[in-house]
Amino acid sequence: MVALGAVVGLGGLVISGLVGPSNPTPEKEAAYECGMPPVGDARERQSVKFYLIAMIFLLFDIEVAFLYPWAMAMRDLGWPGLLQITLFFAILVVGYAYIWRKGVLDWGPESDPDYKHAPRPGPAVIKRYRYGTRH
Amino acid sequence: MPIGYYLALSGVLFAIGAAGVFLRRNLITLLLSVEIMLNAVNLSFVAFGRQQGSVDGQIITFFVMTVAAAEAAVGLALVIALFRHRESLNPEAFTSLKW
Amino acid sequence: MTTYSFDAVIPIVCVILAGLVVMLAEAFRGRGEKMPLGGLAVIGLVGAAASSVLLWNRNATSFGVVTADNFALFLNLVLVAVGLMTVLITAQTADRDKLPAGEFYATALFALVGMMLMVQASDLLVMFLALETMSIAVYVMTGIRREAVNGTEAAFKYFLLGAFASAFFLYGVAFLYGTTGSTSLDRIGTIVASQAMAPNPLVLMAVGMLLVGFAFKVAAVPFHMWSPDAYEGAPAVVTGFMSTGVKAAAIAGFTRVFLSALEPMIGYWAPALWVIAAATMVLGTVVGVQQTSIKRMLAYSSIAHGGYLLLGLLAGSDVGKASILFYLAAYALTNLGAFGIIALLGSYSRDNDNLRDYAGLWHSHPVLATLMALFLLSLGGFPPTAGFIAKWYVFSAAIGAGYYWLAIIGFLSSVVSVYFYLRIVVMMFMTDRDARPVPAPVTGIALAGLALSLAGVLYLGVLPSQVIEWAQASVATIF
């Protein structure tokens with residue numbers, strides 16, 4: 001079965017590559033973007049804020065994964081189980097309080113107490129305008 | 001399916017990850033390679049657990065995933081910090097210490 | 001329903017609580033407000049030390065995965081000393097280096113949690129979690145000066161190879177789990193012993209993987225590449241912390257796994273470890289001689305010291321285990337003292353870690369120069385210091401176990417290493433200062449820390465019998 005699948009899948013690719021006509025034009029080579037000519041680089045730079053939020057999400061998301069096994073076995077684990085999961089969450093809450101007070105969850109410049117002293121935008125921010133529509 | 005298949009797949013993945021750490025030339029890809037190694041190990045934990053008919057293997061996998069997430073967060077933070085210094089993700093750009 | 005015993009985790013809980021409180025205090029600290037965060041850390045560490053002393057001889061276990069045998073408690077005390085020294089030195093350098101003090105203390109405490117859990121773990125999964133807790137915190141500490149490209153680069157290299165090593169360690173755990181159905185060291189030990197005559201190939205692979213993982217963490221040659229870079233790029237305080245704390249925890253885990261669960265396989269791993277130990281001692285010394293950065297030089301010296309520790313591990317006897325404990329205590333005090341002085345002599349813009357920076361130190365800082373000289377002599381293994389007794393003890397353990405060649409290699413490399421320690425001493429006392437800026441004077445709490453550390457080094461060197469007795473008592477009750 002595996003071999004048959006491989007033959008059908010790869011065979012289609014190989015045969016169409018060998019037999020099919022090939023006359024590329026710039027339009028054909030271009031990335032397909034809803035029928036419109038593509039604009040700018042797909043890898044446009046984003047604010048580092050997004051990475052920070054993504055990282056925080058990554059951590060808290062995985063921690064929540066521990067809740068599901070506990071919920072499934074809640075009755076068997078009883079009060080000690082509840083105590084343990086509460087402790088676990090208490091520790092996470094300390095981390096949460098830390099990122100909240102440090103301003104990770106604040107968006108926009110006006111909520112940043114350092115804003116007035118913030119470093120001038122470095123090359124990473126300036127380059128962002130080199131591509132795309134904002135010439 | 002006999003356990004050998006799972007272990008072979010896990011071994012291949014682990015080898016791919018280990019090779020990636022030394023061969024790839026992009027900091028993010030290096031991080032991905034390490035994650036592949038950890039997930040290869042996860043696969044063998046689950047396979048061994050199933051072979052023994054216990055859920056221990058899957059529980060261990062949970063812990064490993066958590067550790068991997070924490071590690072990835074620190075790794076990404078370091079990559080961002082490095083990028084701010086050199087505007088590059090190529091390891092060759094970082095040579096202020098002898099490698 | 002099982003009953004829970006929390007005794008064995010009390011030292012760890014003290015440090016966790018201190019870390020959490022420091023983190024909260026830092027989060028709710030007003031802008032520019034000063035807080036005695038270091039004091040909070042000290043309270044937690046003293047609590048951990050006190051509970052470790054109270055647990056002595058009680059062989060407590062908690063949850064079946066954390067044990068508080070004397071071996072672990074002895075190392076807990078060493079780790080607490082490492083933590084206290086780090087806090088004392090940082091108290092003086094944090095403002096100068098613009099370190100985020102709250103984050104620094106919190107990560108240092110969490111790293112110590114990982115280390116203490118690692119020496120106390122009696123289950124491979126817990127040991128992995130401890131290893132990662134420690135490592136991740138130390139990666140952060142290495143790169144804590146984000147504005148310094150050196151530090152960030154060092155942190156990333158350390159991170160990458162550390163994560164790589166962790167994966168190997170974990171793969172080893174997976175193979176052991178696959179063959180024995182358990183991650184508990186006791187259970188693995190029983191099953192491995194029962195098939196020692198015809199071992200399962202998976203067990204052999206597990207031994208190999210675990211060997212690689214631990215060798216990375218103790219920076220043994222061929223897996224040492226990360227350590228000179230990480231040690232040089234990190235702030236000197238952090239270098240002192242990780243060259244002692246991480247090494248102590250990793251060696252402890254190494255000893256526990258290989259001398260309890262995998263002891264039946266000694267015929268397979270001993271030859272590999274022989275080669276690793278010999279290469280580590282030789283390379284650490286030979287490459288160390290060529291360095292011009294004092295931090296890098298001490299990094300290679302610390303690799304060589306890792307080799308001497310492996311000698312004790314290889315001996316495997318009770319004397320060997322006790323010698324590891326004594327060596328770790330002596331090495332921790334000495335190395336922290338030396339790196340503490342390097343940290344104190346640096347400035348925000350310059351590390352002052354070139355050898356030439358130490359020329360004529362005697363004229364500008366007579367006290368620091370004397371302290372540094374004594375620490376270096378102890379690292380080189382001169383008598384009346386702790387380093388001499390520690391080396392003598394390790395070598396006699398190796399000879400007692402029949403490793404004559406290894407003891408000779410160790411002795412020769414330690415003679416060669418004297419050259420580069422003495423080079424700094426000569427530089428400090430007999431060379432005139434050139435036009436380089438004179439480092440700022442050192443006062444206060446950091447000096448007290450250094451004095452305590454020196455007192456420890458001299459005490460262990462002159463009257464070692466009491467501590468040796470404790471070390472022997474530590475290993476008598478276990479594995």
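How many residues does each side give to the contact between chain C and chain B? Chain C gives 29 residues and chain B gives 28 residues. The model is predicted. This briefing centres on chain C, which has 19 helices and two strands.

**Chain C as a whole**

- The C-alpha trace of chain C spans about 70 × 55 × 40 Å along its principal axes.
- A compact globule with 479 residues would have a radius of gyration near 23 Å, and the 21 Å of chain C agrees with that.
- Of the 479 residues in chain C, 63% are buried.
- Take the contacts in chain C with a separation of 6 or more: residues 24 or more positions apart account for 82% of them.

**Where chain C touches chain B**

- On the chain C side, the elements giving two or more residues are α5 (124-142), α6 (149-180) and α9 (226-233).
- α6(C) gives the most to this side, with 17 residues.
- By class, the chain C side has 18 nonpolar, six polar and five charged residues.

**One helix pair across that contact: α2(B) and α6(C)**

- Helix α2 of chain B covers residues 27-51, and its axis comes within 9 Å of the axis of α6(C).
- The two axes cross at roughly 10°.
- An angle under 35 degrees counts as roughly parallel, and α2(B) and α6(C) are therefore roughly parallel to each other.
- From α2(B), the contact is made by B:Leu30, B:Val34, B:Met37, B:Leu38, B:Val41, B:Ser44, B:Phe45 and B:Phe48.
- From α6(C), the residues in the contact include C:Leu160, C:Phe164, C:Leu170, C:Tyr171 and C:Tyr177.
- Also among them are C:Ala163, C:Ala167, C:Ala174 and C:Gly178.
- This helix contact has 15 nonpolar, two polar and no charged residues.
- An α-helix has 3.6 residues a turn, so residues three or four places apart point the same way.

**Where chain A touches chain C**

- Here eight residues of chain A are in contact with seven residues of chain C.
- The chain A side divides into six nonpolar, no polar and two charged residues.

**A helix pair within chain C: α12 and α17**

- Helix α12 of chain C (residues 294-315) packs with helix α17 of chain C (residues 404-430) at an angle of about 160°.
- Their axes are 11 Å apart.
- Angles over 145 degrees count as roughly antiparallel, and α12(C) and α17(C) are therefore roughly antiparallel to each other.
- The crossing of α12(C) past α17(C) is left-handed.
- α12(C) brings C:Ile294, C:Met297, C:Ser301, C:Ala304, C:Tyr308, C:Leu311 and C:Leu314 to the contact.
- They meet C:Leu406, C:Gly410, C:Ser413, C:Ser417, C:Phe420 and C:Ile424 in α17(C).
- By class, nine of the residues in this contact are nonpolar, four are polar and none is charged.

**The enclosed helix α9(C)**

- Eight of the eight residues of α9(C) are buried, so this helix is largely enclosed by the rest of the structure.
- Among the buried residues are C:Trp226, C:Pro228, C:Asp229, C:Tyr231 and C:Glu232.
- C:Ser227, C:Ala230 and C:Gly233 are buried as well.
- Their cover includes α5, α6, α10 (236-261) and α12 of chain C.

**One tryptophan: C:Trp392**

- C:Trp392 is found in helix α16 of chain C, residues 386-400.
- With 15 other C-beta atoms within 10 Å, C:Trp392 is partly exposed.
- C:Trp392 and C:Ala277 are 115 residues apart along the chain, and their C-alpha atoms are separated by 17 Å.

Key:
Residues numbered from 1 in each chain as written. Chains lettered and ligands numbered in written order. Predicted model: local features only at pLDDT ≥ 70, side-chain atom pairs only at ≥ 80, totals over all residues. Contact = placed C-beta atoms within 7 Å. Helix = DSSP H or I, 4+ residues; strand = E, 2+ residues; numbered from the N terminus. Nonpolar A, V, L, I, M, F, W, Y, C, P; charged D, E, K, R; others polar. Axes fitted to C-alpha atoms, helices over the stretch in contact; angles between N-to-C directions. Parallel < 35°, antiparallel > 145°, perpendicular 65-115°, else oblique. Left-handed = near helix turned anticlockwise from the far one by under 90°. Rg over C-alpha atoms; globule rule 2.2 N^0.38 Å. Buried ≥ 20, exposed ≤ 12 C-beta atoms within 10 Å, placed from the backbone.
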